[in-house]
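Let's take a friendly walk through this structure together. The stops are its enclosed spaces, one helix and its cysteines.

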Amino acid sequence: MRNLKSTTLLFELSQPGRRGASLPPCDVPAPEVSELIPAAARAGGPPPLPEVAEPEVIRHFTNLSTLNMSVDTHFYPLGSCTMKYNSKRNERMAALPGIADLHPLAPEETIQGLLALLYELQLMLGEIAGLPAVSLQPAAGAHGELTALMVAAAHFRHLGQARTKVLAPDSAHGTNPASAKMAGFDFVTVKSNASGFVDMDDLAAKLDDQIAVFMITNPSTLGLFDRQVSEIARIVHAKGGLIYLDGANMNAILGIARPGDFGADMMHYNPHKTFSGPHGGGGPGAGPICVTETLGAYLPTPVVEQRNGHYVLATNRPLSIGRVRSFFGNVGVLVRAYCYLRTHGPEGLKAVSENAVLNANYLMSRVKHILPVPHGERCMHEFVATAAPLKKNHGVTAMDLAKRLLDFGFHAPTVYFPLTVPEAMMIEPTETESKETMDAFAEALFRITEESPELLHDAPHSTLVSRPDEVQAARKPIMKWTAEVGPAS
Amino acid sequence: MPYFYNTPADQQAMLAAIGVSSIDELFAQVPAELRLGRPLDLPPALSELELAQHLGRLAAQNAHIGEKVCFLGGGAYDHFVPAVVDCVAGRGEFYTSYTPYQPEVAQGNLQVMFEYQTLICQLTGLDVSNASLYDGGSAAVEAVLLAMSVTGRQAKVVTLGSVHPQYREILETYFACLGAKLVTVPTPRGAADLAEVAAVVDGETACILVQHPNFFGCYEDVSALAKIAHDAGALLVQSFDPISLGLLKRPGDLGADVAVAEGQSLGTPLLYGGPYLGIMACREQFVRRMPGRIAGQTVDRRGRRCWVLTLQTREQHIRREKATSNICTNQGLFALRAAIYLAEMGPQGLAETAELCVRKAHYARERLTVGSRLSAAFDQPTFKEFVIRDSQGQVEELLAQGLDAGYLAGIPLGQWYPELADCFLVAVTEKRTKAEIDGLAEILAAKRESTAPRPHARLAKTMV
């Protein structure tokens with residue numbers, strides 16, 4: 001029953017003269033555009049966009065949507081991405097005209113309600129982090145990392161210290177080293193030990209007075225809480241460095257432990273993960289950061305402040321690193337995070353982490369009989385299994401398993417990350433899944449490991465397309481439609 | 001309350017299967033001395049109904065653009081959003097999916113990315129587009145970093161005073177860490193003086209960053225600036241207004257090497273500044289230095305056309321500190337909105353939208369400057385925005401009077417340009433009606449004659 005035209009491109013649907021939108025006639029007396037726009041700037045005609053009728057627009061994109069897996073339709077245990085249920089009530093709140101239809105340069109007296117919300121959000125994020133100074137400006141987690149590293153750089157400049165190094169473990173997200181470089185630092189990788197934690201000897205060997213920041217993801221990308229974290233903080237602080245916490249995995253410790261209490265000086269949140277903002281097919285996110293009182297002076301401008309019951313966007317902050325994003329930030333995402341926090345409260349947030357950790361441990365208890373989980377008897381909100389024995393004995397890879405899971409109606413876990421585990425499958429069920437769903441997932445995984453390797457190498461079998469040729473895509477990249485490219489056979 | 005399924009019975013069954021007696025036992029790896037040991041100091045949980053009431057109260061304290069007629073622009077615009085955009089973009093299969101790591105179950109998103117990239121290439125006249133960046137400001141910064149990377153010139157970038165001041169502020173923030181210098185050529189006449197630009201562009205310059213139409217709504221001579229840049233071995237980066245390309249020559253046709261834009265105008269509401277859409281397109285030879293995700297066409301094992309993320313060896317998850325950027329997301333939802341918007345508008349719709357903007361803005365500029373007190377700050381043609389100077393220098397009072405009468409009348413410019421402290425920026429989109437423009441003119445005209453409060457503004461106007 002699939003619409004066979006669903007994968008026809010907009011450009012192939014185009015017919016001259018068709019159109020969707022209709023616009024009103026011009027209701028003001030004004031000269032023709034040829035008199036208003038300098039000839040040198042004026043184009044000979046509009047750009048060569050496709051011409052389609054409105055019903056076609058709806059049918060085209062609606063059919064395309066059905067080719068996606070999503071949280072609303074499928075179990076999506078994509079480790080590190082916290083694909084939890086996206087609350088519909090938060091969508092309704094964020095779409096209120098008094099929230100959504102505000103201009104970013106509107107006078108402060110016309111947006112007092114929104115500023116009150118953002119101010120309160122700053123306080124709540126600071127409390128959950130144990131780090132009181134907050135910037136809501138960064139547009140994504142990676143942007144938050146970068147902003148925090150710029151804050152650190154400004155801090156050391158102010159102290160007159162020329163520190164050049166940012167350190168992070170080999171299990172860190174790729175954004176950590178990339179952000180360090182963009183903030184002007186040299187990046188140094190610290191090894192993990194056999195248990196998946198920071199190798200303290202390697203850290204000690206690489207720690208000198210050139211360290212600016214040690215970046216740690218805790219709970220780690222292996223889904224483990226590194227008990228050494230306060231000791232790491234102690235020795236890094238002793239060298240004059242700062243601790244940055246990658247908050248990607250905050251879903252495990254809400255109301256349980258606070259980064260500021262276990263040694264972090266700076267952190268970012270991923271509200272689109274932890275606080276359930278919809279991922280939108282790959283964005284938007286947001287990356288608010290929390291820092292110590294001391295580092296607060298360097299946060300980007302503006303921050304929301306309260307003065308005599310009035311909310312203002314404070315810009316007069318002499319030590320600030322300046323601006324990192326136009327306007328205020330990804331307010332729409334922040335409003336959803338605010339709604340999430342207000343509807344959960346302190347007990348609800350703690351229950352989120354308790355059930356996220358319960359679900360992950362339960363699923364791990366089911367999965368570890370099928371695939372080994374090299375690190376840890378227990379996990380936090382996620383765990384990393386490995387298909388390495390399966391590969392060695394049967395030639396079946398993590399990718400094969402991932403692809404075959406799609407046939408069973410499950411989105412695949414994150415595969416081949418972290419880089420420290422061979423044939424890694426990083427599984428994060430989140431708290432918004434049921435025991436029955438996790439049982440069904442484990443059952444499917446078990447059945448798959450019993451299937452013939454040939455069947456798995458060719459999976460998926462039930463999707464619209466089979467495995468794409470990624471090598472060809474990269475070797476001769478086709479990144480747009482042109483009349484010559486046309487449909488493939 | 002949390003959205004979970006687990007009943008106490010479920011929890012007991014799961015704990016038994018794990019082999020522990022309590023949830024607390026699962027947290028044993030978190031040392032006791034690092035635990036919080038008290039409830040978070042947060043307000044108690046609200047039900048959905050209470051949340052709606054609370055947000056309703058907060059929202060009521062804000063003056064949205066349905067209540068105040070919006071003449072604010074400066075990089076975020078009150079353009080019309082057709083219903084089809086919300087209808088399609090709100091579908092859960094788009095809305096609650098994520099990065100297409102498994103292309104077989106993300107062909108919808110990937111095809112949209114590919115279509116978006118094609119639409120942006122058609123719009124800009126450039127060879128390749130990425131699948132989007134955070135917003136217009138970060139796109140401008142990333143374009144400058146790309147230019148520094150491809151030219152190998154890490155020390156100097158030239159820009160103009162007429163480029164969005166916040167974009168320049170972001171660049172200054174990044175450059176403070178990278179040790180590069182941003183040379184800003186002032187634009188006292190509203191647009192670049194070519195000789196002044198040429199005088200500072202040299203063999204050390206990575207690029208010229210220009211905005212056209214610029215922050216003041218004026219046109220820049222992008223072709224001439226591109227020549228200045230290219231003669232010095234530098235690139236030309238143009239920040240553009242997507243709506244303007246219904247009528248204006250495309251960045252690629254003007255000689256731009258990289259084009260960036262704030263994509264909010266293409267189907268996204270104002271949202272108090274975000275999330276928005278960073279558009280970036282460039283010439284083919286720079287694609288391997290481009291930041292952000294890119295969708296590419298390929299075939300599956302049965303030879304069928306399909307789409308994947310491609311050229312990922314540029315990206316942080318593979319290259320780590322050697323990546324082109326730390327960016328690991330796009331703005332998928334807003335790229336989708338832009339694609340739907342452009343499909344719905346088509347070439348004619350975009351041209352008509354641009355035409356309505358430029359004609360209405362022209363009318364508004366004429367109407368506002370009829371009397372002697374207000375004048376156009378720059379003697380230049382403008383697109384959908386223009387700068388008004390108050391000869392009495394009372395911008396704050398003037399805008400406050402507009403607000404009282406129901407108009408978000410303009411953006412005061414003194415915050416970024418001390419020499420324009422007596423000026424404000426007015427934007428006019430296709431949504432503004434003649435009645436609204438006339439109304440704004442009347443209010444500001446009532447102020448024109450006297451600064452004393454007048455109870456009967458309408459009467460005052462008839463007496464002018």
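## What counts as a cavity

A cavity here is a set of grid points where a 1.4 Å probe fits but cannot get out, and its lining residues are those with an atom within 4 Å of a point. Please keep in mind that this is a predicted model.

## The largest cavity

With that in hand, a search of the whole structure turns up four cavities of 30 Å³ or more. The largest cavity has a volume of about 180 Å³. It is lined by 19 residues, and those closest to its centre are Y77(B), Q211(B), P213(B), F240(B) and D241(B). Sorted by class, the lining of the largest cavity comes out as seven nonpolar, eight polar and four charged residues.

Where does the largest cavity lie with respect to domain 1 and domain 2 of chain B? Both domain 1 (69-76 + 347-463) and domain 2 (83-341) contribute residues to its lining, so the largest cavity lies between them.

## The second largest cavity

The second largest cavity holds about 90 Å³ of space. Its lining is formed by P169(A), S171(A), A172(A), S192(A), G196(A), F197(A), V198(A), I216(A), T217(A), S220(A), T221(A) and D226(A). Five of these residues are nonpolar, six are polar and one is charged.

## Helix 7 of chain A

Helix 7 of chain A covers residues 141-159, and its length is easy to check. At 1.5 Å a residue, its 19 residues should span 27 Å, and the C-alpha atoms at its ends are 27 Å apart, so the expected and modelled spans agree.

Is helix 7 of chain A mostly covered or mostly uncovered? It is mostly covered, with 16 of its 19 residues buried. Just after helix 7 of chain A comes G160(A), which has a positive phi, near 75°.

## Cysteines without partners

A disulfide is a covalent bond between the sulfur atoms of two cysteines. How many disulfides are there over all chains? The count comes to zero, with a cut-off of 2.5 Å between cysteine sulfur atoms.

Two cysteines of chain B are worth a visit. For C121(B), the closest cysteine sulfur belongs to C282(B) and is 8.7 Å away, which is too far for a bond. C121(B) has a relative accessibility of 5% and therefore counts as buried, since buried means under 20%.

C357(B) is likewise in no disulfide, and the nearest cysteine sulfur, that of C26(A), is 10 Å away. With a relative accessible area of 0%, C357(B) is buried.

Notes. Residues are numbered from 1 along each chain as its sequence is written. Chains are lettered from A and ligands numbered from 1 in the order in which they are written. This is a predicted model: local features need pLDDT of at least 70, side-chain atom pairs count only at pLDDT 80 or more; totals for chains, interfaces and linings use all residues. Side-chain values use heavy atoms; hydrogens and water are left out. On a 1 Å grid over the protein atoms alone, a cavity is a set of points where a 1.4 Å probe fits but cannot get out, and a pocket is an open set with protein on both sides within 12 Å along at least five of seven lines; lining residues have an atom within 4 Å of a point. Grid points are joined across faces, edges and corners, and a volume is the space filled by probe spheres set on the points. Ala, Val, Leu, Ile, Met, Phe, Trp, Tyr, Cys and Pro count as nonpolar, Asp, Glu, Lys and Arg as charged, and the others, Gly among them, as polar. Domain bounds come from an automatic or database domain assignment. Helices (H or I, at least four residues) and strands (E, at least two) are DSSP runs, numbered from the N terminus. The expected span of a helix is 1.5 Å times one less than its number of residues. Buried means under 20% relative accessible area, exposed over 50%, partly exposed in between (1.4 Å probe, protein chains only).
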